Amino acid sequence: MKTSEVLAGLEQECRGLGVKLYYDDLQSEGGLCRLRDSYYLIINRRTSAETKIRIIRHALAEIRRNAAESSPGLTTEAARPEPTQVPGLGQ
């Protein structure tokens, strides 16, 4: 797969997750920001496609990690409460 196709796919994935992706003239490569509940990914437009891919992949991994850590539905076996016994149900 061509580098341009990989980059386009990652950009599409960002849009699908609601990440606002901007290319601008920066002094650095860029990076991920979070403001309230929104993610912004700002990348130096002059960097190579490979660098853009690296930055986007890193940002998507960070977003997924944050989502997994903040998801209230994820519990460990030890943290789950014991099921309640209801009298008269033959348990």
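**Exercises: helix 1 and the sheet it packs on**

Just past the end of helix 1, Gly18 has a positive phi of about 85°. Keep in mind that you're working with a predicted model.

**Exercise 1.** Work out which residues of helix 1 are buried, and where they sit around the helix axis.

*Solution.*
- Start with the helix itself: helix 1 spans residues 3-16, and its 14 residues reach 20 Å from first C-alpha to last, close to the 20 Å expected at 1.5 Å a residue.
- Next, pick the residues under 20% relative accessible area. That gives you Val6, Leu7, Leu10, Glu11 and Cys14.
- Now look down the axis of helix 1: these buried residues fall within an arc of 135°, so they line one face.
- The spacing makes sense: an α-helix has 3.6 residues a turn, so residues three or four places apart point the same way.
- Flip to the face turned away from the buried side, and you'll find Arg15 and Gly16 exposed.
- What covers the buried residues? The cover includes strand 1, strand 3 and helix 2.

**Exercise 2.** Trace the strand order of the sheet, then place helix 2 against it.

*Solution.*
- The sheet is open, with three strands in the order 1-3-2 and mixed pairing.
- Strand 1 (20-24) and strand 2 (30-35) are the edges, each pairing on one side only.
- On average, neighbouring strands are turned by 20° against each other, direction ignored.
- Zoom in on strands 2 and 3 (residues 38-44 for strand 3): they pair antiparallel over six bridges. Arg34, for instance, has Tyr39 of strand 3 as its bridge partner.
- Finally, helix 2 (residues 49-70) lies across strand 1, strand 2 and strand 3, and runs at about 165° to strand 3.

Methods. Residues are numbered from 1 along each chain as its sequence is written. This is a predicted model: local features need pLDDT of at least 70, side-chain atom pairs count only at pLDDT 80 or more; totals for chains, interfaces and linings use all residues. Side-chain values use heavy atoms; hydrogens and water are left out. Two strands pair if DSSP finds at least two bridges between them. Helices (H or I, at least four residues) and strands (E, at least two) are DSSP runs, numbered from the N terminus. Axes are lines fitted to C-alpha atoms, for helices over the stretch in contact, and angles run from 0 to 180 degrees between N-to-C directions. Contact means heavy atoms within 4.5 Å. The expected span of a helix is 1.5 Å times one less than its number of residues. Buried means under 20% relative accessible area, exposed over 50%, partly exposed in between (1.4 Å probe, protein chains only). The arc is that of the directions from the helix axis to the C-beta atoms.
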